[in-house]
Protein chains: 6
Amino acid sequence: VRILVVNPNTTDAMTRDIEASARRVAAGTTEICAISAPWGPRSIEGHFEETLAAAATVEAIAAHRRDVDAFVVACYGDPGLYAAREVVDVPVVGIAEASMLTACTLAHSFSVVTVIPRILPMLRDLVRRYGLESRCASVRSSGLSVLGIGAAMADAGEAILQEARLAIDVDGAEAIALGCAGMGPLDRWLRERLPGVPVIDGVAAAVKLCEALHDQGLTTSKVSAFKTPETKELVGVGPALRSAVGR
Amino acid sequence: VRILVVNPNTTDAMTRDIEASARRVAAGTTEICAISAPWGPRSIEGHFEETLAAAATVEAIAAHRRDVDAFVVACYGDPGLYAAREVVDVPVVGIAEASMLTACTLAHSFSVVTVIPRILPMLRDLVRRYGLESRCASVRSSGLSVLGIGAAMADAGEAILQEARLAIDVDGAEAIALGCAGMGPLDRWLRERLPGVPVIDGVAAAVKLCEALHDQGLTTSKVSAFKTPETKELVGVGPALRSAVGR
Amino acid sequence: VRILVVNPNTTDAMTRDIEASARRVAAGTTEICAISAPWGPRSIEGHFEETLAAAATVEAIAAHRRDVDAFVVACYGDPGLYAAREVVDVPVVGIAEASMLTACTLAHSFSVVTVIPRILPMLRDLVRRYGLESRCASVRSSGLSVLGIGAAMADAGEAILQEARLAIDVDGAEAIALGCAGMGPLDRWLRERLPGVPVIDGVAAAVKLCEALHDQGLTTSKVSAFKTPETKELVGVGPALRSAVGR
Amino acid sequence: VRILVVNPNTTDAMTRDIEASARRVAAGTTEICAISAPWGPRSIEGHFEETLAAAATVEAIAAHRRDVDAFVVACYGDPGLYAAREVVDVPVVGIAEASMLTACTLAHSFSVVTVIPRILPMLRDLVRRYGLESRCASVRSSGLSVLGIGAAMADAGEAILQEARLAIDVDGAEAIALGCAGMGPLDRWLRERLPGVPVIDGVAAAVKLCEALHDQGLTTSKVSAFKTPETKELVGVGPALRSAVGR
Amino acid sequence: VRILVVNPNTTDAMTRDIEASARRVAAGTTEICAISAPWGPRSIEGHFEETLAAAATVEAIAAHRRDVDAFVVACYGDPGLYAAREVVDVPVVGIAEASMLTACTLAHSFSVVTVIPRILPMLRDLVRRYGLESRCASVRSSGLSVLGIGAAMADAGEAILQEARLAIDVDGAEAIALGCAGMGPLDRWLRERLPGVPVIDGVAAAVKLCEALHDQGLTTSKVSAFKTPETKELVGVGPALRSAVGR
Amino acid sequence: VRILVVNPNTTDAMTRDIEASARRVAAGTTEICAISAPWGPRSIEGHFEETLAAAATVEAIAAHRRDVDAFVVACYGDPGLYAAREVVDVPVVGIAEASMLTACTLAHSFSVVTVIPRILPMLRDLVRRYGLESRCASVRSSGLSVLGIGAAMADAGEAILQEARLAIDVDGAEAIALGCAGMGPLDRWLRERLPGVPVIDGVAAAVKLCEALHDQGLTTSKVSAFKTPETKELVGVGPALRSAVGR
């Protein structure tokens with residue numbers, strides 16, 4: 001299986017960390033490649049940045065739509081996920097979606113521990129979009145910025161650990177989804193400190209779901225929501241996106 | 001009140017129709033201006049097109065963020081609405097949101113009659129995002145394309161009327177929200193044929209909500225979800241968007 | 001637009017305050033008149049009082065049903081709202097409904113800050129009736145009595161401010177709906193102390209929604225829930241109500 | 001146990017039918033008395049009539065609040081139920097509530113078959129108020145008027161039977177709640193024609209719940225929503241209601 | 001009415017306590033008999049034990065399916081309830097279900113106070129299964145073990161009382177359902193300490209519902225979910241269960 | 001990865017079909033073994049049979065709890081799933097859960113096509129238990145019996161195909177979950193006839209999820225709902241189950 005992992009932001013150092021997380025769990029027969037968004041914000045911490053990143057992510061995926069067997073959208077808001085499903089024929093999995101669905105196989109309820117507080121409403125909307133509000137005990141902020149995690153990994157671990165403990169003790173969570181692609185390197189460290197608690201890195205979960213879908217011969221539904229876009233003029237839009245819709 | 005109505009697609013003829021719908025209901029003291037998205041699809045009928053249109057809409061709004069008192073996003077998916085709220089200080093109202101909230105003041109439950117079937121899941125997600133699933137009797141497709149409405153207005157009216165009647169008789173709807181900005185010119189024609197049924201044009205509803213919010217001195221919340229974006233580098237992004245975030 | 005604002009309780013001093021709040025935001029072309037309920041409790045702080053007030057409010061609205069262009073029901077339980085919609089042909093807007101719908105255009109989620117604790121379950125039921133449970137972060141009690149607010153406005157402001165802050169900090173609210181018609185005079189004072197937080201007076205919101213509905217040519221749905229009452233005998237009921245149903 | 005069954009409408013013939021339904025199931029030690037509302041509509045088929053009936057029902061219950069051990073509100077909208085709970089110390093059970101809760105002990109899901117179509121939204125709201133939307137397969141109209149049932153009982157039976165069969169075959173209902181106090185005399189006739197399907201008369205169900213609550217020594221909660229009304233002036237209100245609140 | 005109360009665990013001392021609770025509220029014409037499960041865990045505090053107890057409970061009920069008029073399943077997870085409904089023709093009521101439905105007639109919302117923390121998710125699932133999530137303020141753990149309650153009744157009362165007070169003060173509960181069959185003997189003691197708060201013993205509530213259903217001539221629905229099991233071979237299963245399915 | 005697939009019924013021919021479905025998708029490094037329940041019904045088509053099968057399934061899993069790396073419960077009601085999670089330390093995945101979660105990565109909404117009508121309410125409850133009611137368009141019956149599928153595979157395919165088409169055309173489903181372990185052999189045949197529609201065999205989906213969880217180093221949460229059972233006496237229970245709880 002060839003999987004292209006798209007980091008929707010434009011920080012290449014983070015893309016390399018994501019690639020490492022992806023490779024760590026990939027099957028021996030899986031080939032992983034990770035790329036950054038071609039343009040857009042350095043990190044994604046709000047609706048504005050997510051809106052730009054969604055367009056950039058779809059552009060990246062459209063450009064590679066015939067090259068690989070599956071795509072991962074590696075930012076916890078899953079920007080551009082549904083749009084990407086329209087422009088490719090192979091599976092596209094978001095890391096938020098993957099981490100939440102994986103948590104559902106391991107626990108009655110899970111919490112997401114994410115970055116700065118302003119994205120809490122956005123992630124709560126995402127939980128609702130995926131229909132998982134009855135399975136999600138809480139979405140909690142660690143106070144970390146996206147780029148701050150990689151810059152001070154040990155401190156980040158402590159901040160996440162503290163919120164994870166509150167999620168378990170106060171909110172009744174039984175599993176923790178790491179609410180930022182940059183938190184992947186911390187999953188094992190956190191598991192050691194939270195015995196009996198599944199700690200889920202969305203990047204890893206998404207890679208494994210891609211493999212699983214591929215091996216089952218499953219691809220995204222094309223009968224309604226994710227049909228190939230209608231053929232129509234895209235004004236002022238580059239060739240990668242235009243080619244995706246036959247113009 | 002100066003209101004800028006942004007048509008998220010790039011079809012200027014439709015923008016002029018939207019402007020006319022907006023002006024028809026505006027107060028005497030309101031100044032309406034409508035513009036098309038600066039780039040993107042000719043019409044918006046799926047997640048892919050909406051994702052591009054969202055970015056283009058935010059760019060248009062960012063460019064005018066100091067010029068007007070309120071913005072209307074005039075496409076029934078409300079593309080870029082939440083992002084736009086982050087980059088301006090004045091109210092931003094989407095036509096889907098406006099039509100649904102308006103329907104709630106007039107009826108126990110409403111239905112949306114929209115364009116081609118592929119956008120039904122997208123609009124059902126939107127209803128859920130706004131938390132109105134218990135108020136929405138159904139979302140129905142008229143089978144019309146966005147640009148087909150303006151091209152054959154009389155036929156479009158008949159197609160919408162037929163679905164509106166099914167929404168009322170079968171689904172229990174008591175009001176009809178017109179699920180495309182291009183359907184505005186048909187609201188009065190439909191009301192005549194559906195006595196006792198409020199038929200709501202989202203463009204009109206949004207303009208009136210903008211006036212209402214402005215007159216109450218209300219602006220978008222800035223304490224959490226819609227805070228001004230963090231100051232950070234936007235790689236490969238034009239000056240309008242960059243200026244919105246202080247870079 | 002001629003709008004009759006009905007205060008469902010029988011305290012005229014409060015009616016005058018409500019009238020002032022309504023006039024403060026009304027358009028230049030709007031004519032506001034406010035009246036008290038013709039009979040019933042001095043204030044409304046529970047189901048019993050609300051049940052009486054609902055009947056009295058409908059009586060008042062029936063008596064004026066041919067005189068004005070829209071009605072506002074100015075008590076935060078919206079007593080008699082649905083009944084009133086049956087007996088008149090023009091829009092009838094409740095202040096709870098108006099404040100909540102207005103909040104939805106400005107914030108992901110809102111909280112209601114209301115009077116004494118015993119009405120919390122009643123208002124939570126109202127949120128559910130309107131289908132807004134996913135948008136409402138909390139309903140909080142300030143501990144104030146309805147008539148105590150007007151009697152000691154400065155103290156009331158402090159009490160409301162304290163709960164509003166908890167709603168924002170603890171419950172994740174991004175906007176505050178003032179949960180009593182008597183709190184309207186405090187909206188600007190509270191906004192100054194809660195920068196970036198929309199503070200919504202239901203009376204103001206309802207007046208503006210009435211204007212908006214009127215300007216769109218919209219009236220209450222008459223196809224099902226709000227049809228004119230069946231013609232039938234009303235035993236022991238006065239002429240205003242009897243005339244509303246053709247007996 | 002002494003149970004007062006209040007028919008919220010003013011049709012004495014219907015009150016006598018309700019009394020007979022109540023007596024048919026009452027325990028040997030139970031004393032049943034039924035009264036009509038002291039004023040108000042001849043039947044209740046909408047919000048307007050329900051609002052008047054709620055006030056009249058509370059007045060009737062307040063007048064007898066020291067005389068009996070439990071009250072039944074015998075109209076399928078449960079008018080005045082929550083208000084009545086505030087003014088008495090003993091249990092007050094509504095027939096809609098009783099029939100739905102009883103259905104939940106016998107079936108995964110139930111349907112309500114009620115009178116004319118205009119009350120469907122009202123009853124759907126009631127199902128939501130009681131939190132039973134996931135248990136209620138549908139609310140269906142038989143097309144009958146409240147007073148038409150008693151006038152032509154055999155025809156009414158056929159009309160209800162037809163909708164009950166649709167509820168079972170199309171909507172997946174496993175039990176039928178009779179959605180009008182006047183339908184009680186038909187329960188056995190319907191059960192014979194719907195083998196294996198519980199058909200529930202709300203009057204009977206409410207009487208039995210009153211006995212059950214009384215025998216358990218249970219009374220309505222008085223800690224919050226149903227506290228005794230605050231002591232305050234009720235302007236232009238008769239002595240029965242005034243006495244209920246200590247004025 | 002002859003009611004067989006089945007204690008799904010194998011602790012006979014607890015069975016006798018349950019029988020006493022049942023008899024305390026039974027009507028004079030009701031005959032109560034209580035039995036323990038024929039095999040299985042001494043107490044039920046998790047999914048594993050509940051799964052075994054469900055099978056044992058169904059076996060006990062199948063063995064007595066022609067002997068009595070109604071069955072009570074007397075463990076707060078209602079183990080085997082739906083299965084038991086398939087194998088008998090008379091009503092089968094669970095104590096969790098009975099206590100929650102009873103609470104709904106007395107209060108806007110209730111809390112369950114139960115035993116050790118590990119069963120909280122199980123009971124929250126049960127609340128959802130019964131569709132009562134909007135009526136349930138919280139499920140709280142007293143920290144007690146099932147068998148610890150009977151062993152130290154006074155201490156148990158204090159532990160339950162403390163959580164009940166938190167449920168009322170913090171979670172907004174207005175009634176308390178005792179979340180273990182062994183807590184029945186404490187209901188009156190708790191009511192004295194929680195004036196105005198209904199405290200509901202599920203065993204008592206279930207017995208009274210059985211009587212109520214029987215007196216209304218109601219039995220479990222047999223049209224879909226609770227149809228008699230298909231006739232088929234049960235490998236390695238004893239005669240009581242085999243006879244229930246005609247093999 | 002060594003995966004033990006447990007068929008909760010006692011039909012060995014079906015177990016062999018399930019094993020073949022599992023092996024078809026397993027990774028090269030995965031070892032699959034399938035066993036039947038040690039006792040219980042020949043097939044599972046209702047609550048009664050499921051209750052017995054749950055106990056038998058847990059017994060089978062307890063007996064092998066130290067032998068393998070993951071378990072699959074291969075019956076579409078997921079009998080005994082939560083209990084099994086308590087008695088083992090490795091992942092346990094149910095085929096219903098696996099198929100639904102997999103569908104969520106491919107489509108806005110899915111339908112389940114299952115066997116005879118009587119299990120529809122049971123599967124609707126399961127959808128709710130997993131919190132996926134907003135993602136599930138419908139649960140439909142093919143009218144087939146569990147054992148009838150294997151006996152007449154071609155006819156079964158036609159019956160499932162017909163309901164799948166209705167699910168897509170009428171209910172808005174975009175993916176189909178095969179609602180019986182015996183339907184697995186038909187997945188490819190159905191996919192050919194439903195182009196663009198993911199058709200998901202729960203057995204395959206569960207095997208791939210087990211591999212995915214194992215490769216991520218994830219195991220079931222042990223902090224609350226799925227803790228190892230308390231150590232206590234199990235009366236009349238065999239050694240496999242007793243050993244699982246240390247007695």
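Two strands pair if DSSP finds at least two bridges between them, and strands here are DSSP runs of E with at least two residues, while helices are runs of H or I with at least four, both numbered from the N terminus. With that in hand, I looked first at strand β3 (residues 40–41) of chain A, which pairs with β10(B) in the antiparallel sense over two bridges. I also looked up the partner of A:Pro41 in β10(B), which is B:Leu234.

**How to read the model**

I note that this is a predicted model, in which local features need pLDDT of at least 70 and side-chain atom pairs count only at pLDDT 80 or more, whereas totals for chains, interfaces and linings use all residues. Residues are numbered from 1 along each chain as its sequence is written, chains are lettered from A and ligands numbered from 1 in the order in which they are written, and side-chain values use heavy atoms, with hydrogens and water left out.

**Chain A on its own**

I counted 10 helices and 10 strands in chain A. Its radius of gyration, taken over C-alpha atoms, is 17 Å, close to the 18 Å that the globule rule (2.2 Å times the number of residues to the power 0.38) gives for 247 residues, so chain A is as compact as a globular protein of that length. Along its principal axes, the C-alpha trace of chain A spans about 55 × 35 × 35 Å.

Within chain A, I found a salt bridge (a side-chain nitrogen of Lys or Arg within 4 Å of a carboxyl oxygen of Asp or Glu) between A:Lys208 and A:Glu211, at 2.7 Å from N to O. These two residues are separated by about one helical turn, because they stand three residues apart in helix α9 (residues 202–215) of chain A. Over all chains, a search of the whole structure gives 108 salt bridges.

**Chain B against chain A**

Taking contact as heavy atoms within 4.5 Å, I find 45 residues of chain B touching 45 residues of chain A. The buried area, meaning the accessible area (1.4 Å probe) that two parts lose on being put together, summed over both, is about 3,700 Å² here, and carbon and sulfur atoms give 58% of it. B:His47, B:Phe48 and B:Arg118 supply 21% of what chain B buries against chain A, more than any other three residues.

Between these two chains I count 12 salt bridges, and one that I looked up joins B:Arg128 to A:Glu133, with the closest N and O atoms 2.8 Å apart. Polar contacts (N or O atoms within 3.5 Å, one able to donate a hydrogen and the other to accept it within protein, and residues adjacent in sequence counting only if both atoms are side-chain atoms) join 27 residue pairs, both residues being at pLDDT 80 or more. On the side of chain B that touches chain A, α2(B) gives the most, with eight residues. That side divides into 22 nonpolar, 10 polar and 13 charged residues, where Ala, Val, Leu, Ile, Met, Phe, Trp, Tyr, Cys and Pro count as nonpolar, Asp, Glu, Lys and Arg as charged, and the others, Gly among them, as polar.

**Chain C against chain B**

I then turned to the contact that takes 48 residues from chain C and 48 residues from chain B. The area buried there is about 3,600 Å², with 61% from carbon and sulfur atoms, and C:Thr105, C:Leu106 and C:Gln216 supply 18% of the area that chain C buries against chain B, more than any other three residues.

The count of salt bridges between chain C and chain B is two, and I looked up the one in which the side chains of B:Asp215 and C:Lys208 meet at 2.7 Å, N to O. Across this interface I find 20 residue pairs in polar contact, both at pLDDT 80 or more. On the side of chain C that touches chain B, α9(C) gives the most, with eight residues.

**Pairs without contact**

Lastly, I checked chain A and chain D, which no contact joins and whose closest C-alpha atoms lie 14 Å apart.
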